[in-house]
Amino acid sequence: MRKYLNLCLVISLLTCGIGLFIAYADPFTEADLKKWNEAYMAAVKEGDSLFHSSKLGKNSVSCDMCHPNGSNAHPETYPKFQKQLGKVVGLRDMINWCIQNPLEGTPLAADDPKMIALEAYITYERRGVKLDPGKH
Amino acid sequence: MKERMTRRTFLKAAGALTAAIAFPVSRAEVALGQKPGEKFTFAYISDSHITQIKGTEFVRNFDNGLKKAVVEVNFMDPKPDFVVFGGDLAQLGKKEEFEHGLEMLKDVTVPIKWVIGEHDYYLDLGKYWQEKMAPLYYSFDHKGVHFVVLNSILTDDDWIHKRWPTSEERMLQMARLDNPNGSPFMVKEEQRAWLKKDLAKIKQETPIIVLSHSPLYKIFKPWNFWTDDAEQVQAILKPFKDVKILHGHVHQVLYNQMGNLTFNAFMATAWPWPYVNTYSQLPNKMPALTVPMNRADPFKERDGTGWGHIELPAGIVHHYELWENPARIVRKAPGMKQPEDTEYQSPGKRIPPQKHY
C-alpha cells in the first residue's frame with residue numbers, strides 16, 4: 001500500500017510540474033525585459049549611426065540631411081499607398097527609395113539587419129505618435 | 001572656324017530657354033506710398049551646400065539647384081540691384097567646393113553681397129571666405145537703406161579651438177544639424193560692440209536690414225535654428241523704427257514679427273529642412289505666424305528648394321520663387337503690424353499640402 005501511495009505522490013508531483021511548465025511557458029522577469037530592451041536599443045543606436053552616415057549611399061549624402069532626428073519621415077503612416085510609386089508600400093520600401101535616389105546607393109534587402117536598424121531608429125524618434133496607417 | 005554646337009552648349013541653351021518659359025516674369029508691383037527712399041529690389045540665393053564626392057565629382061542634385069537659381073536671377077527684368085548670397089556655399093568648407101560654387105555664381109550679372117554660413121566657416125575659420133568673398137561682418141548703404149551683414153554662426157571658443165582633434169572633424173561636427181555634440185550659434189561681444197558703433201551714426205527712421213545666416217531669434221536649439229545672444233542683438237536694434245532681419249540656414253519659408261523686428265528666412269537651393277514642430281520628441285518655438293510651404297515631395301528633386309527676391313524699402317515684399325510650387329509672397333506694408341502671406345495667411349485659406357505634415 002505504501003509503495004502504491006508513494007507512486008501516486010510521485011506521479012502527481014510530476015504532473016503538477018509538467019502542468020506548471022506548460023501553463024507558464026514564458027515567465028519573463030524584469031531582468032529579461034532589461035536585457036531585451038538593451039538589444040533593441042543597440043539596433044536603434046546602429047540605425048542612428050547609419051542614418052547619419054555619409055557611407056550609406058554612394059554620394060556622401062546622408063538621411064539626416066533632409067530628416068534631422070528622423071523628422072518628416074512619417075513612419076506611423078506606413079503601410080500606405082505611396083502615390084509616387086503607384087502602390088501600397090511599407091516604410092522600408094521608402095527607405096530603399098531614398099537610398100537609391102537622393103543617396104545614389106544600393107538598396108538593402110528587407111531582412112538586412114541594417115534595414116531593421118534604420119527602421120528601429122526612425123520609429124524610435126517618432127515614439128508616442130499614434131499610428132495613422134494609410135495617411136498620405 | 002564656325003563654332004561647333006557641343007552637347008554642353010546645346011544643354012545650356014535648352015536649359016536657359018526652358019527657364020525663360022517656366023520662370024514667372026510677372027511680380028506683384030505693390031504700390032506702397034508714404035515712406036521716403038527709392039524703391040528697389042534685390043535677389044538672394046542661399047544655402048547651396050556644394051558637396052564634393054571626390055576629385056571633380058560633386059553631388060549633382062545640389063549643383064543643379066545653384067545653377068537653376070543663377071539662370072533665373074539673370075532672367076529678372078528689371079535686374080535686381082544686387083544678389084545676396086545667404087551662406088553655406090560649400091558643404092564642408094573645402095576649397096574645391098568653394099571654387100565649384102564660385103564657378104557657377106560667376107555668371108550672375110549683378111554684384112553679390114556675401115553672408116557667411118557655418119558650413120563655410122568651420123574648416124578654416126573663414127580664411128578662404130575673407131580672401132575670396134568678403135569680410136566676415138560689414139555694413140553698407142544702398143538707396144537710403146542701411147544694410148548690416150553679421151557672422152552669426154560663431155560659437156564657444158573652447159568648442160572651436162580645443163574640442164576637436166582636427167579642423168576636418170570640427171567641420172563634420174558642425175555640419176550635422178541634429179548633432180547632440182553641437183554648439184549654439186552666437187554673434188558674440190566683438191560684433192555686438194561693432195554693431196552698436198556702426199548704428200550710432202544711423203538715424204532712428206532709417207530702414208535697416210540685417211543679413212545673417214542663422215535666425216537672430218530662438219526657434220529650436222537642437223537644430224541651431226537659434227542664436228544664443230539673440231536678445232542682446234535685438235536690444236541693439238530696438239531703438240530703430242524699421243528693422244528687417246533676413247537669414248538663411250533654415251531652408252524653408254519662415255517669417256515672424258517680434259516687437260519692431262520683422263524676420264524673413266531665405267529659401268535654400270539645395271534641399272528643404274523640415275519645420276521644427278515636425279520633430280515630436282522636444283518642444284519648440286515654431287513661429288505661429290508662418291504659413292508653411294507645401295510639404296516637399298522627395299520624388300521631385302527641386303521641391304522645397306528655390307530662391308527669392310525682395311522689394312524695399314517701403315515695407316518689405318518677399319517673393320519666394322519655389323520650384324515645383326506656385327510662388328509665395330510674404331508682405332509687410334507700412335501700417336501693417338506683421339508680415340503676412342498675400343494669399344494663405346487666413347486659416348480658412350490654407351491648403352492640404354501646408355497642413356499635411
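Okay, a definition to start: two strands pair if DSSP finds at least two bridges between them. Strands here are DSSP runs of E with at least two residues, helices are runs of H or I with at least four, and both are numbered from the N terminus.

Quick housekeeping. This is a predicted model, so keep in mind that local features need pLDDT of at least 70 and side-chain atom pairs count only at pLDDT 80 or more, while totals for chains, interfaces and linings use all residues. Residues are numbered from 1 along each chain as its sequence is written, with chains lettered from A and ligands numbered from 1 in the order in which they are written.

Right, chain B and its sheets. Seven of its strands make an open sheet with mixed pairing, and the order is S5-S4-S1-S12-S13-S14-S15. At the edges you find strand S5 (112-114) and S15, and each of them pairs on one side only. Let's start from the S5 end. S5(B) runs parallel to strand S4 (residues 83-85) of chain B, and three bridges join them. If you want a residue pair to click on, Val83(B) has Ile112(B) in S5(B) as its bridge partner.

Now jump to the other end. Strand S13 (residues 316-322) and S14 of chain B are antiparallel, with five bridges, and Ile316(B) is bridged to Lys332(B) in S14(B). These two strands form a hairpin with five residues between them. Have a look at Glu324(B) in that turn: its phi is positive, about 70°, although it is not a glycine. Is Glu324(B) buried or exposed? Well, partly exposed, because there are 14 other C-beta atoms within 10 Å. The cut-offs are these: 20 or more other C-beta atoms within 10 Å of a residue's own makes it buried, 12 or fewer makes it exposed, and in between is partly exposed, with C-beta atoms placed from the backbone.

By that count, strand S14 (residues 328-332) of chain B is mostly covered, with four of its five residues buried. S14(B) also pairs antiparallel with strand S15 (residues 340-341) of chain B, over two bridges, and there Arg331(B) is partnered with Glu340(B).

Chain B has another open sheet, this one of six strands, in the order S6-S7-S8-S9-S11-S10, again with mixed pairing. Strand S6 (138-142) and strand S10 (255-258) of chain B are at its edges with a single partner strand each, so one side of each has no neighbour in the sheet. S6(B) is antiparallel to strand S7 (residues 145-149) of chain B over five bridges, and Tyr138(B) sits opposite Val149(B) in S7(B).

In the loop between strand S9 (243-247) and S10 of chain B there's His249(B). It's a residue other than glycine with a positive phi, near 75°. His249(B) counts as buried because it has 31 C-beta neighbours inside 10 Å.

Over to chain A. What's the pattern along its sequence? It goes α-α-β-β-α-α, so four helices and two strands. Its C-alpha atoms fill a box of roughly 85 × 30 × 25 Å along the principal axes, and buried residues make up 27% of its 136 residues.

Helix H3 (residues 91-100) of chain A is largely enclosed by the rest of the structure, because seven of its ten residues are buried. Among them are Met94(A), Ile95(A) and Cys98(A). The buried residues of H3(A) pack against strand S1 (80-82), strand S2 (87-89) and H4 of chain A.

Leu118(A) is worth a stop too. Leaving out residues up to four places away in sequence, it touches Gly47(A), Leu50(A), Phe51(A) and Ile95(A); contact here means C-beta atoms, placed from the backbone, within 7 Å.

How do the chains meet? 19 residues of chain B are in contact with 20 residues of chain A.

Last stop, the cis peptide bonds. One joins Tyr78(A) and Pro79(A), with omega about -5°, and Pro79(A) is in the loop between helix H2 (30-51) and S1 of chain A. Another joins Asp77(B) and Pro78(B), with omega about 0°; Pro78(B) is in the loop between helix H2 (60-74) and S4 of chain B. That's my tour, thanks.

Note on methods. Two residues are in contact if their C-beta atoms, placed from the backbone, lie within 7 Å.
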